[in-house]
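Visitor: I would like to learn how to read a protein model with a ligand in it, feature by feature. Could we take the ligand first and the rest of the chain afterwards?

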Amino acid sequence: MITGIKGFNDILPGEVESWQHIEATARRVFELYGFAEIRIPILEKTELFCRSIGDATDIVEKEMYSFVDKGENSVTMRPEGTASVMRAFIEHKLHALDPVAKLYYLGPMFRYERPQKGRYRQFHQIGAEVTGVTDPKIDAQVLTMLCHFFAELGLTEPALQINSLGCPDCRPAYRESLKAFLRERLDRLCDDCRRRYEANPLRALDCKSAHCKEATADAPAMLDHLCTGCDDHFSAMRRHLERVGTTYSINNRMVRGLDYYTRTTFELVTGLLGAQSAVAAGGRYDGLISDLGGPAISGIGFAIGLERVALLLKEKEFTRRPDLFIAALGDEAQDEAFRLMCGLQKLGSAIEMDYEGKSLKSQMRRSDKLKSRFTLILGGDELVKGGAMLKNMDAGTQAEVPLDIKAIATHLNP
Ligand code: ATP
Ligand code: MG
């Protein structure tokens with residue numbers, strides 16, 4: 001039997017419907033914002049990716065599917081879409097028609113990585129790019145469109161994180177101060193970060209190794225070193241995001257894995273996919289078009305990982321979360337838990353308990369597995385008191401509640 005290649009997946013009937021839904025949603029939402037589709041080839045000259053993504057990046061250093069074809073040309077199966085879209089934009093002089101282009105694409109990308117859940121060698125991206133607008137309103141618009149897409153899919157996860165990487169005016173000085181900081185701690189960094197210290201010191205900030213995280217915990221942040229232009233751009237973008245109700249948090253350690261980014265960078269991050277936490281990512285690339293031989297026009301864009309979105313949707317279908325899990329220790333507490341559970345269910349809340357009265361540890365494990373929003377722990381003391389601690393599992397907060405069905409219901413659904 002001949003099998004498929006590791007990291008290259010078949011998408012079978014049963015799952016393909018979810019893919020079609022994601023793709024159709026992207027097309028519908030992006031078109032509302034004025035984006036037109038562009039289809040770019042899978043194979044490009046290797047040089048395109050080396051020049052744009054950068055030599056000292058994971059993609060170019062170790063992830064590219066490059067080979068020499070029968071005509072002795074070095075070609076690469078595209079690892080991402082932005083470089084190709086910009087190559088086409090320049091090659092076909094789209095900027096002569098209108099420097100402001102809004103383009104989206106979707107299709108397979110190829111990276112030689114270690115396959116695992118949410119990380120494959122052939123994977124799919126839906127991406128969007130805007131050229132020719134420097135005003136921070138476009139940054140806010142692109143981010144708002146991205147969040148709109150996820151909201152249309154009914155996903156409240158993932159959450160938007162933003163940062164600024166500065167520009168060629170302010171980043172070099174920051175880079176030097178970061179290097180000075182890292183120099184003192186080189187022996188605590190992983191091999192990759194030590195090797196990249198000269199060419200790409202910023203990568204140490206988002207390295208996944210625990211040692212690097214610890215060693216760089218109080219490293220200087222780009223956000224504190226922005227020049228006036230970049231600082232104003234960042235504040236204006238935040239103001240626009242707030243005005244239109246696009247929620248975000250600032251992650252000043254986000255550096256992204258591609259060299260072409262300037263100023264705004266962002267990720268949509270989930271807690272549901274382990275180490276594969278970025279579901280979409282992107283940023284502004286004001287120097288890329290001119291670096292590739294085009295005019296000095298700015299750009300901004302993102303790419304969404306389709307497999308990761310499909311995994312989130314699956315997660316959503318299968319996890320109907322209980323509102324409350326009641327853990328009860330001892331027969332009397334079990335009886336009281338049962339009474340509360342039935343009463344709360346009648347009032348419309350989804351409640352779970354362990355009917356067999358297992359150990360507290362095993363009951364809490366079950367509550368975790370079910371991803372219940374709240375937990376209530378009942379033991380002898382609580383029965384005597386007539387009250388117990390209601391713990392909000394998402395917020396990590398807790399409140400004392402009486403053992404009264406209506407009172408608990410108000411806490412579950414305020
Ligand atoms: P990661 O840190 O997970 O490696 P990345 O920074 O390399 O991600 P980008 O190059 O920014 O990812 O690509 C944008 C999106 O494409 C990611 O947020 C992710 O959802 C998806 N993606 C990237 N690489 C893979 C892969 N090998 N398999 C599946 N999806 C991927
Ligand atoms: Mg990667």
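Guide: Let us begin with the ligand, keeping in mind that this is a predicted model. Around ligand 1 there are 16 residues, and those that come nearest are Arg111, Glu113, Arg119, Tyr120 and Arg256.

Visitor: Which atoms of ligand 1 lie 2.6 Å from glutamate 113 and 2.8 Å from arginine 119?

Guide: The general idea is to look for pairs of N or O atoms within 3.5 Å. In this model a nitrogen atom of ligand 1 sits 2.6 Å from a polar side-chain atom of glutamate 113, while an oxygen atom of ligand 1 is 2.8 Å from a side-chain N or O atom of arginine 119. The backbone takes part as well, since a polar backbone atom of glycine 305 is found 3.5 Å from an oxygen atom of ligand 1.

Visitor: How much of the accessible area of ligand 1 does the protein cover?

Guide: The size of an interface is often given as the accessible area lost when the parts come together. Ligand 1 on its own has 590 Å² of accessible area, and the protein covers 90% of it.

Visitor: Which elements give two or more residues to the shell around ligand 1?

Guide: They are strand S6 (122–131), strand S10 (278–284) and strand S11 (299–305). The most comes from S10, which gives four residues to that shell.

Visitor: And how do the residues of the shell divide into nonpolar, polar and charged?

Guide: Seven of the shell residues around ligand 1 are nonpolar, three are polar and six are charged.

Visitor: Now to the whole chain. How many helices and strands does the protein chain have, and into which domains is it divided?

Guide: The protein chain has 16 helices and 16 strands, and its C-alpha atoms fill a box of roughly 80 × 55 × 50 Å along the principal axes. Domain 1 takes in 16–170 + 226–312, whereas domain 2 covers 324–412, and the C-alpha centres of domain 1 and domain 2 are 45 Å apart. As for burial, 50% of the 414 residues of the protein chain count as buried.

Visitor: How many disulfides does a search of the whole structure find?

Guide: The search finds zero disulfides. To read such a result, one compares sulfur-to-sulfur distances with a cut-off of 2.5 Å. The cysteine sulfur closest to that of cysteine 212 belongs to cysteine 190 and is 3.7 Å away, so the two are too far apart for a bond.

Visitor: Are cysteine 212 and cysteine 342 buried or exposed?

Guide: Burial is judged from relative accessible area, and under 20% counts as buried. Cysteine 212 has a value of 0% and is therefore buried, whereas cysteine 342, at 27%, is partly exposed.

Visitor: Where is cysteine 193, and where is arginine 194?

Guide: Cysteine 193 has its place in helix H8 (residues 191–195), and arginine 194 is likewise in helix H8. Cysteine 193 counts as buried because its relative accessibility is 3%, while arginine 194 is partly exposed, with a relative accessible area of 38%. Sequence separation and distance in space can then be read side by side: arginine 194 and cysteine 212 are 18 residues apart in sequence, with 9.9 Å between their C-alpha atoms. For cysteine 193 and leucine 103, 90 residues apart along the chain, the C-alpha separation is 35 Å.

Visitor: What is the phi of lysine 93, and what is that of lysine 371?

Guide: Here one looks at the sign of the angle together with the residue type. Lysine 93 has a positive phi of about 50° although it is not a glycine, and lysine 371, again a residue other than glycine, has a positive phi near 60°. Lysine 93 lies in the loop between helix H4 (82–91) and helix H5 (94–97), and it is exposed, with a relative accessible area of 53%. Lysine 371 lies in the loop between helix H14 (360–370) and strand S14 (374–378), and it is partly exposed, at 30% relative accessible area.

Visitor: Is methionine 254, in its loop, buried or exposed?

Guide: Methionine 254 belongs to the loop between strand S8 (249–250) and strand S9 (262–269), and it counts as buried because its relative accessibility is 3%. Its C-alpha atom is 22 Å from that of histidine 148, a residue 106 positions away along the chain.

Methods. Residues numbered from 1 in each chain as written. Chains lettered and ligands numbered in written order. Predicted model: local features only at pLDDT ≥ 70, side-chain atom pairs only at ≥ 80, totals over all residues. Heavy atoms only, no water. Near = heavy atom within 4 Å. Polar contact = N/O pair within 3.5 Å; in protein donor to acceptor, adjacent residues only side chain to side chain. Areas by Shrake-Rupley, 256 points an atom, 1.4 Å probe, with all protein chains shown as cover. Nonpolar A, V, L, I, M, F, W, Y, C, P; charged D, E, K, R; others polar. Domains from an automatic or database assignment. Buried < 20%, exposed > 50% of the residue type's maximum accessible area, 1.4 Å probe, protein only.
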